[in-house]
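Dear colleague,

I am passing on the structure we spoke about, and I would be glad if you could look through it alongside the notes that follow.

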Amino acid sequence: MRGAAKIGSTASVASDSLRGMRNPVSSFFKDGFIAGAASAALGLLLSGCNCLNPLGPPGKGPEPRPPRSQPVPKEKFAWGISTSSYQYEDPAVKPRGTGYFQTDWDILVSQHKAPEKGNAVYTWTHFEKDLAALKKIGVTHYRFSIEWARVEPRPGVYNEEAIRRYVEMARRMKAAGIEPVVCLWHFTFPSWLYDHAHPGRSNWLHPTARPRWNAYVDRIVRATAPYTRFYAPQNEPNGQITTAYIVAQWPPAMTLAFGHYRKAIDASAAMFRDAAAKIKAVKPSAKVVSVEALPWWERAPLDPGGLIYNTMIHGNIDHLDRVYDVCDIVGFNYYYSQAPGPISLLAEPYRRGPNFTMMGWRIDPNGLYKEIRRVGDRYGKPMMITENGIATRDDAKRVWYMRNHIAAIGRAIRDGYDVRGYFAWSLVDNYEWHYGYEAKFGLGTMDPKTYDRILKPSAGKFTEIIRSKPTVGSVTTVQPQDSFAAPGR
Ligand code: BGC
């Protein structure tokens, strides 16, 4: 199978809208000519709508700032790995059991709009396997997420045993010398926030979402605070909201619902701010980290007036502008760059070769360098790259990708930008949303019989980098690797 026979299929094309404003046009349609025509039309519509500001006015962003002229003083660099609960954990509960829970993504799966997840990589019942692998790799930080639905399977009813288990995970990481970075929400909501009769009143926009979120955050932060210094309230809210309300790929799967988009951005930003305040109240020394989806956008030739481009940029900063001031660290996920135009949006999922991933994403470390500059200039805060990784079956390509992105970070630090950490996505091949188990993002794989994590050579390369570059200053000496000779997969 080509890196992704499936990835070229309808379901996987659809999933290309996964983060940020990724492929909002092409991901909406099926393959082929009809898709091309419809995509172009929708592109124009989007462009036209932009005159009316379809995404609404951007938040009150800060004034652009000049870059710092001196590199930050040497300090420990956070070398981490990121995972998420839904993509890693087995549910380990049976229907009608007291702890039974479902998420909105499970609803999508039951509607046959996403692949089955099964038991993912058994992190709930075999967390010790993850921990052993993390220790072996030698990471200093580990970002994992809490499954809200597991902790609160019914509104106001908490699963104390599940909470204890998450706390135990954080405690064991800490004991192993690994700093836990607790993410409170990574894409999935409890199914009881899903309104089947009125999908537009689901999730962020459910009438009880904010009070229930605040109670949930309060529980988790109080419980994990003894072992946790870093909290990420939300993972890529900007990407999730785009895919949920503009391109119908994420629950509640609505199309071009600009009004809902705006309300959801406001609601999630308000909930982010609530969480940040709660975190500081419980543990003033804790650090609040944003995790936004920030692809690097370029202007495509068929984008009159840069209208699509401006819409994409707007999608990058919409949420962050509303929360950056309550963040200690502005974190963002970076995977690729793209020139979004009616044609390129459609074509990109099918691109293969040395400079593309098996999902058709354009590999562009320089885009990360430019993104760091833009974020640093705009917000003037310390930064972390909270996810970066590649879907590929060719692990040598992963090494090349990782090394060049880290080198790009080093270059930005040398130029005076304050980047404090890099998190690889991800520990092992896992459940990749619309791509199921086809997209291989792992530095390792799981042995299906023993559940052991079998590390790929890229994990060893990451270890070498971690050991030899312990400080922010030393990261600047990572050299880029210019060529990649392996067949493009
Ligand atoms: C998400 C992950 C996802 C990864 C690769 C990020 O946008 O946070 O959940 O697996 O990208 O697509």
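In what follows, contact means that heavy atoms lie within 4.5 Å. Please keep in mind throughout that this is a predicted model.

With that cut-off, which residues does Met384 touch, once those up to four places away in sequence are not counted? They are Ala78, Phe230, Ile329, Val330, Gly331, Phe332, Arg420, Gly421 and Phe423. Met384 itself sits in strand E10, which covers residues 383-388, and its relative accessible area is 4%. Because buried means under 20% relative accessible area, Met384 counts as buried. Between Met384 and Trp79 there are 10.0 Å in space, C-alpha to C-alpha, although the two are 305 residues apart in sequence.

A second buried position is Ile409, with a relative accessible area of 0%, and its place is in helix H15, residues 395-414. If neighbours within four places in sequence are left aside, Ile409 is in contact with Phe77, Leu368, Ile372, Ile385, Val419, Tyr422 and Val475. Its C-alpha atom is separated by 6.1 Å from that of Tyr369, a residue 40 places away along the chain.

The backbone deserves a careful look as well, beginning with the loop between helix H9 (237-245) and helix H10 (258-282), where Pro252 is found. The peptide bond that leads from Pro251 to Pro252 is cis, with omega near 5°. Ala248 belongs to the loop between H9 and H10 too, and it has a positive phi of about 60° although it is not a glycine.

The loop between strand E11 (419-424) and strand E12 (444-446) holds Ser426, and there a cis peptide bond joins Trp425 and Ser426, with omega about 20°. Trp433 is likewise found in the loop between E11 and E12, and for this residue, which is not a glycine, phi is positive at about 45°. Is Trp433 buried or exposed? With a relative accessible area of 2%, Trp433 is buried.

When you open the file, you might therefore start from Met384, since it is buried at 4% relative accessible area, and then turn to the two loops, one with the cis bond from Pro251 to Pro252 and the other with the cis bond between Trp425 and Ser426.

With best wishes

Definitions and conventions. Residues are numbered from 1 along each chain as its sequence is written. This is a predicted model: local features need pLDDT of at least 70, side-chain atom pairs count only at pLDDT 80 or more; totals for chains, interfaces and linings use all residues. Side-chain values use heavy atoms; hydrogens and water are left out. Helices (H or I, at least four residues) and strands (E, at least two) are DSSP runs, numbered from the N terminus. Buried means under 20% relative accessible area, exposed over 50%, partly exposed in between (1.4 Å probe, protein chains only).
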